[in-house]
Every structure is written in structure tokens, then in C-alpha cells.
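Subject: Structure handover

Hello,

Here is the structure you asked for. Please open it alongside this email, as the notes below refer to residues by number.

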Amino acid sequence: MYLREKIFIFCFLWFYFQGTAQGKLVQYKSEYFIILVIDGPRYTETYGDTACTYIPNLCHVLRPEGTFFSDFLNQGQTYTIPGHTALTTGCYQRISNVGTSLPKRPSLFQYYLQQRSKPSSDAQIIASKGKLSVLSNTKDKKWKDQYQPYSFCGPNGNGLGYGSDAATMEKIRSVLGSEAPPHLMLINLLGVDVAGHLNQWNKYLENIQLTDQYALEIWNLIQNNPATKNKTTLFITNDHGRHSHGHKSGFINHGDGCEGCRHISLLALGPDIPKNQVIPTKAEMIDIPYTIAQMMHLDFPTGKGRFLNELFEVKR
Ligand SMILES: [Zn+2]
Ligand SMILES: [Zn+2]
């Protein structure tokens, strides 16, 4: 064999394996991707409680069906809008938490709609908190007001006010039960966070139990729809935790870099994800959109996360 041919084969194999390591050349079974964000539970009341008192469905029904990251972090500002912005744009940034400014970078949703030439309805943001409608747009001049996902945030879907999770779930049922559900979706449920801020411990725990039921229901809705059954990856995560017990106001608030605020969780389920796997490696929220972009074979040049290889490798 000539040297030139040897070099060519070497280069080909090198690029191939590089691509495979990044997940780019792998053909995934998943065609639909959903990020479910349970707003603001603290790890100590969810998976950190080994008995899983308040999240029996997530722990004992869903976790064995997927891969769980036990050291999953919000490494940016631990507030609602910054947390969700990290999940949609793949970047941490300082951003108003009252909804008065747009994310600096375009979101994965916008890249998807642009690169696949899909209508707005094929990428959706459905949130109990109205202010999360900022996720559907960006300040970036090249992208502003373009390729915007459909957004239904707040009680009337117009970006104002806070709605109940029960009403948001009604909307979710109709979207996930439809014949043509969106290929990319983010859902926000607010009950846990709101009860925490009200300093109502029992209501806070009740809402953790309620979102635990909603998470299972969402998985069942996906698996009961022939369009999405065994073709959907569901990422169940949080935007932030809450202050650790004994630190500042404890569960009532959040927003700094304490363990309670940063330590959140990720459970991923889907046809490409190994079952009953617990990953102790550190991972963080910006890795979610980056990983989805790779699984969808999208260019996501402004996304700063890493591909979650551990999600796909069965640990022995
Ligand atoms: Zn909050
Ligand atoms: Zn804190």
C-alpha cells in the first residue's frame, strides 16, 4: 500500500472515531426530545432521601427505566430564568429573573427549526410560569424574532402571570396526545418552587409528590402515543435547587452557590438510554441541550456543554 493511501485511511478512521465519540455519526432511535423541568426542589427532599419518600414514581418506577446522574449541577445563576436559559441555549449567562430581557444566544429550539425548516409548532415551550416566554426568543441580532418555537407560558399562554400545574398538565395532555406532537419540547412545572417561597413546608412536599405523579404521567403519555412510543428521549431535571438546610433561609429561597442550590438531578429515559444505570460523574445542565443537538445531528455552535457519553454506555 502506498504511503498516500495509508495516510488517507488513517485520516478517515481518525475522523470516524472522533465523530463516533462525539455521538455525531451514531443513528439514534429517538426522534422526539422532551425536557421536563421541575422547578426548584432540593435534592435532599428528592433523590438525596434514599427512601425516596416524596418521589416514589421517579425513584422506583422511572429510574430503573433509564439513566440517572447523581452529581448533576446548575453551575450558573441558580434562579428560574437563568436555569432554563442554560437548558435551552447551552450557555450560562446572567439574565433578569423577572422576564425583562431575552437570552443572549439563540436556543437549540431555534437551531432546530432553522436547520430542519420546520414550522414553529414542531418545537414548543409550555410553562406554568409566564415569564419563561423569554426562552422562545434571543437578543442575538442574527436570530432575534426568527425561528421562534411555539410558546404557551402562563395561565393564558401569553407570557403573563403564573398558572397552575394542573392547567399546564391539561395543555400537555392535549399536545402529547395529538397525532403530530412536537419533536422538541420543554415543560416547566412551578408548584414546588412557589410553595417553597411561601414558606409552606407541607405544601412544598405535597408539590414534590404531585410533580412525581406528573412526571410518570408524562412518560405514560409519550409511551401511549404511537407517534412517540419508543422514539422519545425524556430528560427530567430542575432549573435550580434551594438553600441547604441551615444555610440562609433554607428551603424558602435559592439563588446562590450553596450545595442545596447547585445540586439538582437528571434522569434520562428513552430507546437509546440504558436502563437502571446510575452515573456518579459530574455533569451539568448545559450538557442537556448539547447532547440533544448531537442526538438530532444538529449544528449547535453556540452551545457550550459536553456530550453526555456516560448516558449511553452501560457500566459494568
Ligand atoms: Zn424560586
Ligand atoms: Zn443556596
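The notes below go from the whole chain to single residues.

Please keep in mind that this is a predicted model.

Overall layout

The protein chain contains 9 helices and 9 strands. Its radius of gyration is 19 Å, close to the 20 Å that the globule rule gives for 316 residues, so the chain is as compact as a globular protein of that length. Along the principal axes, the C-alpha atoms fill a box of roughly 75 × 45 × 40 Å. Of the 316 residues, 50% are buried. Among contacts with a separation of 6 or more, 72% are between residues 24 or more positions apart.

The chain is divided into two parts: domain 1 covers 1–29 and domain 2 covers 31–311. Their C-alpha centres are 35 Å apart.

The nonpolar core

The largest nonpolar core has 82 residues, and the members that touch the most others are L36 and I187. Helix α7 (residues 201–224) gives the most to this core, contributing 8 residues. If neighbours within four places in sequence are left aside, I187 contacts I34, L36, V37, I126 and I172.

Helix α4

Helix α4 spans residues 108–116, and its buried residues are L108, F109, Q110, Y111, Y112 and L113. What do these buried residues pack against? Two of the partners are helices, α3 (80–89) and α9 (287–295), and two are strands, β3 (123–127) and β5 (184–189).

Strand β2 and its partners

Strand β2 (residues 67–73) is mostly covered, with 5 of its 7 residues buried. Its pairings are as follows.

- With strand β7 (residues 263–269), β2 pairs in the antiparallel sense over 5 bridges. In this pairing F69 stands opposite L266.
- With strand β8 (residues 277–279), β2 runs parallel and is joined by 3 bridges. Here V278 is the bridge partner of F68.
- With strand β9 (residues 283–284), β2 pairs in the parallel sense over 2 bridges. E284 in β9 is the bridge partner of L73.

Two residues with positive phi

Two loop residues are worth a look for their backbone angles. S117 comes just after α4, in the loop between α4 and β3. Its phi is positive, about 50 degrees, although S117 is not a glycine. Y147 also has a positive phi, near 50 degrees, and is likewise a residue other than glycine. Y147 is found in the loop between β3 and β4 (150–153).

Is each of the two buried or exposed? S117 is exposed, because it has 8 other C-beta atoms within 10 Å and the cut-off for exposed is 12 or fewer. Y147 counts as buried, because it has 22 C-beta neighbours inside 10 Å and the cut-off for buried is 20 or more.

If you want to go through the model in the viewer, you could start from I187 and its contacts with I34, L36, V37, I126 and I172. After that, β2 can be followed across to β7, β8 and β9, and the two loop residues S117 and Y147 can be left for the end.

Regards

How values were computed. Residues numbered from 1 in each chain as written. Chains lettered and ligands numbered in written order. Predicted model: local features only at pLDDT ≥ 70, side-chain atom pairs only at ≥ 80, totals over all residues. Domains from an automatic or database assignment. Core = buried A, V, L, I, M, F, W, Y, C linked by C-beta atoms within 7 Å. Helix = DSSP H or I, 4+ residues; strand = E, 2+ residues; numbered from the N terminus. Contact = placed C-beta atoms within 7 Å. Rg over C-alpha atoms; globule rule 2.2 N^0.38 Å. Pairing = 2+ DSSP bridges.
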